[in-house]
Amino acid sequence: MDFIFDQLGLLSGGFSVALSGQNMAFLLFGVAIGILVGVLPGLGAANGVAILLPLTFGLEPVTAMIMLTATYWGALLGGSITSILFNIPGEPAALPTTFDGHPMALQGKASEAMALAFTSSAVGAMIGTLLLTFAASSIADFGLRFGAPEYFAIYTLAFASFIGMGGPEPIKTLIAIMIGLGLSTIGLDTVSGDVRMTFGLLDLIKGISFMLVVIGMIGIGELLITMERNLELRGVVARMDPRVIFRTIITLPRYWVALIRSAAVGCWMGVLPGSGATIASMMSYGFARRFSSNREAFGKGAREGVVSPETADHAAATSAMLPTLTLGIPGSGTAAVLLGGLLMWGLQPGPMLFVSQPDFVWGLIASMYLGNVTAVVVVLLSAPLFAAILRIPFAYIGPVILVVCMIGAFAIAMSLFDIYMTLLFGLFGYLFKKLDYPIAPLVLALILGDQAEESFRQSMILSNGGVGIFWDSTLSKILMTCSVLALVAPIILKNSTRITSRLRDQN
Amino acid sequence: MLRLDFDVKRFGAELAFAFFLLLIGGAAVAGALQMNVGWKDDGPGAGFFPLLVGLVLCAACVVQIVLTLKHRRTLQTPIFDGEAVRNLSGIVVPTALCAAAITVAGIYLPAAFLLAYFVHRRTKRSPIEIAAIATAVPTALYLLFDVALEIKLPGGWLY
């Protein structure tokens with residue numbers, strides 16, 4: 001009981017930070033920008049956060065993080081608008097919402113579908129944030145026991161999870177991680193002071209900022225894909241009827257089983273590095289369909305088909321902040337970008353952050369409650385307005401985003417070289433997207449690369465060059481075993497499913 | 001207008017990109033070998049970790065090349081065509097020119113020209129509408145960056 005009161009005390013301190021006029025103004029701005037980037041197909045939460053990052057250099061870190069996380073929540077909601085009205089996911093995680101959300105819109109129930117999606121999102125986000133509130137301190141305390149070998153083991157676990165669960169082509173994920181790690185080694189070596197991997201280019205001595213890679217590969221790369229297709233959107237016109245919204249909200253408890261199940265799936269997938277909101281929402285939709293007594297209704301406008309993925313999506317996004325803040329291991333691609341932002345402000349995510357910067361941490365956690373509630377209220381009031389933006393030709397919006405990306409890249413270090421690098425990464429990102437190479441693991445590896453190398457070198461010094469150190473302590477032994485399991489379990493499962501189905505066919 | 005009638009199959013694109021990444025891996029190994037890759041007084045040398053990363057990258061690329069060759073038959077769908085390349089170069093080339101112009105002309109003027117070019121090329125709006133968009137967006141960006149956020153971007157010929 002004391003523990004709960006302690007956490008609530010810390011959280012109320014956080015609310016006094018988050019509720020300042022300035023922080024609330026930036027939260028609102030972040031939500032609005034987030035909904036906008038979420039609504040636009042081809043621009044997602046990670047892009048929105050990456051493009052906004054250079055704009056936050058002049059702000060206090062807590063204000064900046066509140067704005068950027070609010071952008072994340074707004075983007076997830078914006079993605080659902082496009083899914084329901086236009087049958088195109090504005091955000092990758094909003095894909096399953098198209099399956100039943102758009103049929104509902106076609107039946108004239110767009111307002112109901114959006115109200116269902118937004119309110120169940122709020123439930124998912126609240127459960128994810130509650131998990132963060134009550135588990136963060138314990139995990140951070142646990143993290144204080146970590147030494148260099150344990151840290152290297154946990155980075156290995158993060159990379160292994162991405163490879164094991166990242167997608168159908170694990171070798172491409174491995175390549176992406178290695179490129180990210182390779183990019184992180186460019187520039188000044190912090191241990192020896194040597195300049196390395198610059199190939200004589202003076203501009204590379206300062207290293208490659210992860211922001212150039214994110215703005216280039218995710219922002220410009222995605223934009224090139226969208227502009228290449230000459231996207232034209234036609235969707236269902238909707239207006240939000242307050243009576244329908246109210247009626248929908250009071251029916252939400254009817255779906256309590258779907259809500260709890262989806263939130264549990266979301267939280268689990270969010271905490272696990274390498275999975276994230278997209279897998280959570282897909283998985284949750286699958287479960288909802290499998291366990292439904294009215295399975296035939298799925299795909300034709302089933303309300304549970306909207307509630308389940310939306311709850312899981314938001315639970316995953318909010319709970320992804322748990323490993324990000326407590327251990328410095330991002331649970332999703334967007335969380336990786338947020339982690340990079342923290343590092344840029346000189347804040348080292350991990351257990352010590354809870355000790356040295358409690359106002360920052362609890363201010364941010366409190367803002368997640370405020371941000372999600374604000375985002376849902378804003379999106380309920382303004383969904384038709386944001387949907388109208390989709391009727392502006394992308395020929396206007398695309399170039400504006402391109403210019404903002406270029407200015408954002410330039411603003412990082414006021415360097416022209418950075419603009420060229422960003423454009424180069426943009427082309428690289430385009431090819432990655434076209435050929436199904438995942439970008440999130442590359443960004444994660446680039447952000448964690450320095451720390452992974454440092455913990456590896458420190459471990460090597462401790463053991464005098466013996467790799468057995470990673471199997472010495474019980475903790476690192478468990479983490480390394482989990483890494484091996486994360487790497488091989490999906491392959492074994494895939495092959496066993498194949499063998500089982502082959503045997504069934506033979507019988 | 002230049003006619004570009006061709007299709008690039010997924011197989012060719014996958015193979016070429018994997019070879020390109022193998023080259024990057026090779027460059028990483030070469031770069032690491034210029035440093036100390038052995039053991040120093042303060043632990044592994046500066047080149048040790050990049051060497052490890054470069055070698056794993058090369059090995060992964062070789063596996064990817066083998067997998068691509070193995071699945072050759074299923075990778076025959078077109079992935080790039082002339083239309084896509086023309087659209088893409090229509091975006092990348094003007095953007096690169098704009099980036100080059102920033103050195104002398106500042107950031108806002110080239111951005112205005114880039115916007116005007118794109119809107120004209122893609123929507124064929126009237127010159128007044130194009131001029132309005134090309135002026136409004138950089139002005140809004142100036143107000144946001146230079147005035148509100150006090151991030152001073154180069155004005156070049158403007159100020």
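# Exercises on a predicted two-chain model

Ile127(A) sits in helix α6 of chain A. The model is predicted.

**Exercise 1.** Decide whether Ile127(A) is buried or exposed, and state which residues Ile127(A) is in contact with beyond its neighbours within four places in sequence.

Solution.
- Step 1. A residue is buried if 20 or more other C-beta atoms lie within 10 Å of its own.
- Step 2. Ile127(A) has 22 C-beta neighbours inside 10 Å and therefore counts as buried.
- Step 3. With neighbours within four places in sequence left aside, the contacts of Ile127(A) are Ala263(A), Cys267(A) and Ala315(A).
- Step 4. Ala264(A) is 137 residues away from Ile127(A) along the chain, and the C-alpha atoms of these two residues are separated by 8.7 Å.

**Exercise 2.** Work out how helices α6 and α17 of chain A are oriented to each other, and say how the residues of their contact divide.

Solution.
- Step 1. α6 (residues 110-143) and α17 (residues 358-389) of chain A pack at an angle of about 175°, and their axes are 9 Å apart.
- Step 2. Angles over 145 degrees count as roughly antiparallel. α6(A) and α17(A) are therefore roughly antiparallel to each other.
- Step 3. On the side of α6(A), the residues that meet α17(A) include Met114(A), Phe118(A), Ala122(A) and Leu132(A). On the side of α17(A), those that meet α6(A) include Ile365(A), Tyr369(A), Val376(A) and Ala383(A).
- Step 4. The residues of this contact divide into 16 nonpolar, five polar and no charged.

**Exercise 3.** Describe the side of chain A that touches chain B: which elements give two or more residues to it, and which gives the largest share?

Solution.
- Step 1. In the contact between the chains, 48 residues belong to chain A and 51 to chain B.
- Step 2. The elements of chain A that give two or more residues to this side are α8 (170-184), α9 (210-228), α18 (394-413), α19 (416-434) and α20 (440-463).
- Step 3. α18(A) provides the largest share, ten residues.
- Step 4. By type, this side of chain A has 34 nonpolar, six polar and eight charged residues.

**Exercise 4.** Check the span of α19(A) against expectation, and find what its buried residues pack against.

Solution.
- Step 1. The 19 residues of α19(A) should span 27 Å at 1.5 Å a residue; the end C-alpha atoms are 28 Å apart, which agrees.
- Step 2. Among the buried residues of α19(A) are Ile419(A), Met421(A), Phe425(A), Phe428(A) and Tyr430(A).
- Step 3. The buried residues of α19(A) pack against α9 and α18 of chain A, together with α3 (82-105) of chain B.
- Step 4. After α19(A) comes Asp436(A), with a positive phi near 60°.

**Exercise 5.** Do the same for α5 of chain B: what is its span, and what do its buried residues pack against?

Solution.
- Step 1. Chain B is divided into domain 1 (7-76) and domain 2 (83-148), with C-alpha centres 37 Å apart.
- Step 2. α5(B), residues 127-148, has 22 residues and reaches 30 Å from its first C-alpha to its last, close to the expected 32 Å.
- Step 3. Ile133(B), Ala134(B), Val137(B), Pro138(B) and Phe145(B) are buried in α5(B).
- Step 4. These buried residues pack against α18 of chain A together with α4 (108-123) of chain B.
- Step 5. Glu150(B) follows α5(B) and has a positive phi, near 55°.

**Exercise 6.** Find how many residues of α15(A) are buried, and name elements that cover them.

Solution.
- Step 1. α15 (residues 333-344) of chain A should span 16 Å for its twelve residues, and its end C-alpha atoms are 17 Å apart, which agrees.
- Step 2. Ten of the twelve residues of α15(A) are buried, so the helix is mostly covered.
- Step 3. The buried residues include Val337(A), Leu338(A), Leu339(A) and Leu342(A).
- Step 4. The cover includes α3 (45-52), α4 (61-86), α9, α12 (276-291), α14 (321-327) and α20 of chain A.

**Exercise 7.** Met197(A) and Asn464(A) have positive phi values. Decide for each whether it is buried or exposed.

Solution.
- Step 1. Met197(A) has a phi near 55° and lies in the loop between β2 (195-196) and α9 of chain A.
- Step 2. Having 28 C-beta neighbours inside 10 Å, Met197(A) counts as buried.
- Step 3. Asn464(A) has a phi of about 60° and lies in the loop between α20 and α21 (474-506) of chain A.
- Step 4. Having 9 C-beta neighbours inside 10 Å, Asn464(A) counts as exposed.

Conventions:
Residues are numbered from 1 along each chain as its sequence is written. Chains are lettered from A and ligands numbered from 1 in the order in which they are written. This is a predicted model: local features need pLDDT of at least 70, side-chain atom pairs count only at pLDDT 80 or more; totals for chains, interfaces and linings use all residues. Domain bounds come from an automatic or database domain assignment. Two residues are in contact if their C-beta atoms, placed from the backbone, lie within 7 Å. Helices (H or I, at least four residues) and strands (E, at least two) are DSSP runs, numbered from the N terminus. Ala, Val, Leu, Ile, Met, Phe, Trp, Tyr, Cys and Pro count as nonpolar, Asp, Glu, Lys and Arg as charged, and the others, Gly among them, as polar. Axes are lines fitted to C-alpha atoms, for helices over the stretch in contact, and angles run from 0 to 180 degrees between N-to-C directions. Angles under 35 degrees count as roughly parallel, over 145 as roughly antiparallel, 65 to 115 as roughly perpendicular and the rest as oblique. The expected span of a helix is 1.5 Å times one less than its number of residues.
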